[in-house]
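Could you walk me through this model in my viewer, one selection at a time? I would like to know what to pick next and what is there.

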Amino acid sequence: MRRPPALVLASSLSAGAVFALSAWQLARGVAPPAWDDAWYLETSFRLWTALKSGPLDFMNAYIGAFRIKAPLISLVPLPLYAAFGPGERVAVWVNIPLAALAAWAWSRAALEWWRGHPRAREAAALGGALCALTPMAYGLSRVFLVETLLSCLLGLFAWRCAAARRDDRREGMYLGVLLGLGLLAKATFPLLAAGFIWSARQRLKPHAKTALLVGVIIAATWYAANLPYVLGFAWSAGFGRVADNYAGAGGFAARLEWLAALAREGFSWPLSAAAIAVAVAAAFAAREKPGAGLRAALWGLSPLLVFLAGVNREIRIVAPLLPVAAL
């Protein structure tokens, strides 16, 4: 059996160490919930209580959950409650397997994007490890917020877009399930996923109807009763009055500061500097020509332009896209 390259092994060990450290810190205790995470937890506990009362009570609680926010994050810890009982320190443990699955999914997407490149395996492993090692991803894995779940679903969706085969009828089902779950995680999921869909549009055309049908059926379990509320809130949170509560306002200078905050807090200055150095070196390397992988990654980052044009200056909203930049 051929041994994995040293970079693949080092990347896997580094990612594993990060997940172990996150678990250790969660075991020591987490910060008290506040604002969004407190609301997610409260709703999660209500859904658990309703589930114990019966299926009808659970469906009513599920349909009425949040109204302005998609509810999937509050459903994910329910199996943990069954095993350990409900609690704020129990719920946040779902982030560890979600973060690990996200790193794996993004590495698989990278492997497909750069298939045929002599260092595709090493690049994919390194990219997957960076998904776990970025400071924002590490920090968000220790609070009960939606971004870790969203990054996981987006990574799986990007992987299936990259790996989809035109003649495999199951692809439409896979993409539809991920689209439906993504919508139930956050209303902006289609925007985050749009670049991956566009870059793989030729392969995805035969599966579009199935994917849309399955995705709509899954998402409709909650959106059928809440669509006007969640769309109104999403617009206001990005471009309207609600956005002012999230470090909003400001002109060109504020947008530059937002980009700087992504480099500083999302990646850290050392990692950002290293990424720029690698990009410059690749641009001047004769053997590194832009290919399908680079185009797919750049299309995947295109939603950043929409967020950049908005009013909301909360960098957490683009956290699920940071793995694309890392790759």
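**First stop: a buried pair**

Select Glu-171, which is buried, with a relative accessible area of 1%; buried means under 20%, exposed over 50% and partly exposed in between, with a 1.4 Å probe and protein chains only. Now add Arg-160, buried as well at 12%. Their side chains meet in a salt bridge at 2.6 Å, N to O, the term standing for a side-chain nitrogen of Lys or Arg within 4 Å of a carboxyl oxygen of Asp or Glu. This pair links distant parts of the chain, with Arg-160 in helix 10 and Glu-171 in helix 11, 11 residues apart. Helices here are DSSP runs of H or I with at least four residues, numbered from the N terminus.

Before moving on, note that this is a predicted model, where local features need pLDDT of at least 70, side-chain atom pairs count only at pLDDT 80 or more, and totals for chains, interfaces and linings use all residues. Residues are numbered from 1 along each chain as its sequence is written, and side-chain values use heavy atoms, leaving out hydrogens and water.

**Second stop: a network**

Next, pick Lys-186 and Glu-147, whose side chains form a salt bridge at 3.8 Å, N to O. Lys-186 sits in the loop between helix 11 and helix 12 (189-199), Glu-147 in helix 10, and 39 residues separate them. Is Glu-147 buried or exposed? Glu-147 is buried at 3%, while Lys-186 is partly exposed at 23%. Add Asp-36, Lys-69 and Arg-316 to see the network that shared salt-bridge partners make with Glu-147 and Lys-186.

**Third stop: a pocket**

Keep Lys-186 selected and add Thr-188, Ala-234, Ala-237 and Ile-317: among the 30 lining residues, these five lie nearest the centre of the second largest pocket. A pocket is an open set of points on a 1 Å grid over the protein atoms alone, with protein on both sides within 12 Å along at least five of seven lines; lining residues have an atom within 4 Å of a point. About 610 Å³ of space lies in this pocket, a volume being the space filled by probe spheres set on the points, which are joined across faces, edges and corners. Colour helix 14 to see the element that gives the most to the lining, with 8 residues.

**Last stop: the surface**

Finish with Arg-115, exposed at 55%, and Glu-112; their side chains meet in a salt bridge at 2.9 Å, N to O.

Technical notes: 1 Å grid on protein atoms, 1.4 Å probe; cavity = no way out; pocket = protein on both sides within 12 Å on 5 of 7 lines; lining within 4 Å. Helix = DSSP H or I, 4+ residues; strand = E, 2+ residues; numbered from the N terminus.
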